[in-house]
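Subject: Structure handover

Hello,

Please find the structure below, followed by notes on what turned up in it. Keep it open while you read.

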Amino acid sequence: MAAFANLGSPMNSRQRRTILMIPSLLTVALAVTSLCARFSSAQKSVETPAVRADHSDAASDLYNETYRPQFHFTPAKNWMNDPNGPVYYKGEYHVFYQYNPFGVEWGHMSWGHAVSRDLVHWRHLPIALAEENGVMMFSGSTVVDWHNSSGFCHGPSADVPTCLVAIYTGHSPKLETQNVAYSNDDGLTWTKYAQNPVIDLQLSSFRDPKVFWHEGTHKWVMVTVLASQHKARFFGSTDLKHWTFLSDFGPAGATGGAWECPDLFPLPVDNEAAQTKWVLSVSVTSGGVTGGAGNRYFIGAFDGTTFSAEASGDRTLWADYGADFYASTSFSDIPKSDGRRIWLGWLTNWEYAGTWISPWRGMHSIPRQLRLKRYPDGIRLVQEPVSELRTLRTQHTSTARKSVADANRWLRSKDIHGDTLEMEVEIEIAGASEVGLKVRKGPQEETLVGVSTGNPKEVRLFVDRTHSGNIEVDEKFPGRNAGPLRLAERQRVKLHIFIDRSSVEVFGNDGETVISDVIFPAGGSQGVEFYSLGGEARIVSLDVWNLQSAWRP
């Protein structure tokens, strides 16, 4: 979990961000007084107090603001950052998230909660885990205790009861510990374990537990971070309550800022189960691929005790080459009959996270299915949008085999425009040094999504938000974010683009390279146009869908 303070300057560590940016001392006093009144029964097992996320009028008055995402997850009101503990249980996807119930600034971190049956349409639920007694609920994970190994589960069934167990960091100014809570009503209410914390190393920078069941060694495994030491630390348990140290990994690779929000999971290479590798992902608060926060990963082996990374040369492996994908975490307990590994992240950057307008602040990425694919220079993580997003498609138009000029005439003739679009395009670069699309285009603004071939040895997929609209949010906001991309046969590239009211997510060559960026265009800037530089390019195929809102009728 990433903490937050000083909205006007870059954040380099959790310690700098633990000063709450609340408008006045009176506000602080009122909030503290309110919390103390609510949470008087500390130091014992308690039901989570009835602090509710404010989602009133979400379907009527909200979810139609200029920058409000229409198919990304956002709370109706107030601050949100990291996704926490995504899990599938009894036919529903649960997402928890870092949430401030009291305002649009970072602070009073609690676990918000929402559920969905399709990963697209979400229903808000009451706060799952609330701040109490000065201890904030930082990031963590949720698992299904299928065999009641914890002893927390109970129910009327004669079979072994199951329940949800959340493992989270308790944060106070000088101490971070790992704790557990459980729910016996499908996540509606939660009880904190009476003997919390379950791990206390007397450290102030020890957080973000990701827990999973390791079948090979028949135990629960927890991966945490020693954030300021740039290490992942592993623990093992048979009951989710008593944990033993297993091993450390790191420091390794990018060590700017702090390490946060680890995840560890197996994936087959090229869908071959016998070639399974393990992926360890960590987020870095600074020193990412665009200079600010970022999301990197390692590929290797895990034997239930130790993670060993494979060599990737001098190259740092980034999950996303945009500025705005952070704190990714994958769903637990997706059925084997489904078989997918799905994750999502926080779609913004600590450099300017506090610039979002009211009444909400923060959004999550679209859910993405993960795969490992073998390339000439090694095995890489591939991400693709989950197929459930297709349910939002409405008007569909398509064309093929056109020059850039002809494609633009076709776009105009079909009146292709919108602030919520999905586009699949295959481009033959031919003699162009740069080719792409101008999206969210208006009289004086546009966001470029394209491919640069100026250096034949290094083709780059990019999103350029230099003229994307409101770029005053941060001095580092304008500019071009780019990542490497391979050219297919006949110098072709494929782009899968999702455009929402304040974001662009681009999946190059079936998810080989991904770029996620927030943008702040005017509401009326909805144009779409192709362009090429340095020579002619050809549009091999183009499919465009307008996307309906996941939040409004």
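How many helices and strands does the secondary structure of the protein come to? There are 2 helices and 33 strands. Please keep in mind that this is a predicted model. Buried residues make up 60% of the 553 residues in the protein. Among the contacts with a separation of 6 or more, 61% are between residues 24 or more positions apart.

The pocket

The largest pocket holds about 1,100 Å³ of space. It is lined by 32 residues, and those closest to its centre are Trp213, Asp333, Ile334, Lys336 and Arg341. Five strands are listed as giving two or more residues each to this lining: S5 (136-145), S10 (206-214), S14 (259-269), S15 (272-284) and S21 (368-375). Of these, S14 gives the most, with 5 residues.

Salt bridges

The count of salt bridges comes to 32. Three of them are described here.

One pairs glutamate 384 with arginine 371, with 3.2 Å between the closest N and O atoms. Glutamate 384 sits in strand S22 (residues 378-385) and arginine 371 in strand S21, so this bridge ties together parts that are 13 residues apart in sequence. Glutamate 384 has a relative accessible area of 25%, so it is partly exposed.

Another is formed by the side chains of arginine 486 and aspartate 377, at 2.4 Å from N to O. Both residues are in loops: arginine 486 lies between S28 and strand S29 (492-500), and aspartate 377 lies between S21 and S22, so the pair ties together parts 109 residues apart in sequence. Arginine 486 counts as partly exposed because its relative accessibility is 26%. Aspartate 377 is also partly exposed, at 41% relative accessibility.

The third joins lysine 438 to glutamate 529, where the closest N and O atoms are 3.8 Å apart. This pair links distant parts of the chain, with lysine 438 in strand S25 (residues 434-441) and glutamate 529 in strand S32 (residues 527-533), 91 residues apart. Is each partner buried or partly exposed? Lysine 438, at 17% relative accessibility, counts as buried, because buried means under 20% relative accessible area. Glutamate 529 is partly exposed, with a relative accessible area of 24%.

Some salt bridges share partners, and in this way Arg315, Asp377, Arg380, Arg486 and Glu512 are joined into one network. The bridge between arginine 486 and aspartate 377 was described above.

Aspartate 474

The last item is a single residue. Where does aspartate 474 lie? Its place is the loop between strand S27 (460-464) and strand S28 (480-484). Aspartate 474 is buried but has no salt bridge. The nearest side chain of opposite charge is that of lysine 476, 5.9 Å away, and a salt bridge needs the side-chain nitrogen within 4 Å of a carboxyl oxygen. What does the side chain of aspartate 474 reach instead? It reaches the backbone nitrogen of lysine 476, at 2.8 Å. Leaving aside residues up to four places away in sequence, aspartate 474 touches Glu351 and Tyr352.

To follow these notes in the model, start with the lining of the largest pocket, where S14 gives the most residues, then go to the three salt bridges, and end at aspartate 474 in its loop.

Regards

Definitions and conventions. Residues numbered from 1 in each chain as written. Predicted model: local features only at pLDDT ≥ 70, side-chain atom pairs only at ≥ 80, totals over all residues. Heavy atoms only, no water. Helix = DSSP H or I, 4+ residues; strand = E, 2+ residues; numbered from the N terminus. Buried < 20%, exposed > 50% of the residue type's maximum accessible area, 1.4 Å probe, protein only. Lys, Arg positive; Asp, Glu negative; His and termini not counted. Polar contact = N/O pair within 3.5 Å; in protein donor to acceptor, adjacent residues only side chain to side chain. Contact = heavy atoms within 4.5 Å. 1 Å grid on protein atoms, 1.4 Å probe; cavity = no way out; pocket = protein on both sides within 12 Å on 5 of 7 lines; lining within 4 Å. Points joined across faces, edges and corners; volume = space filled by probe spheres on them.
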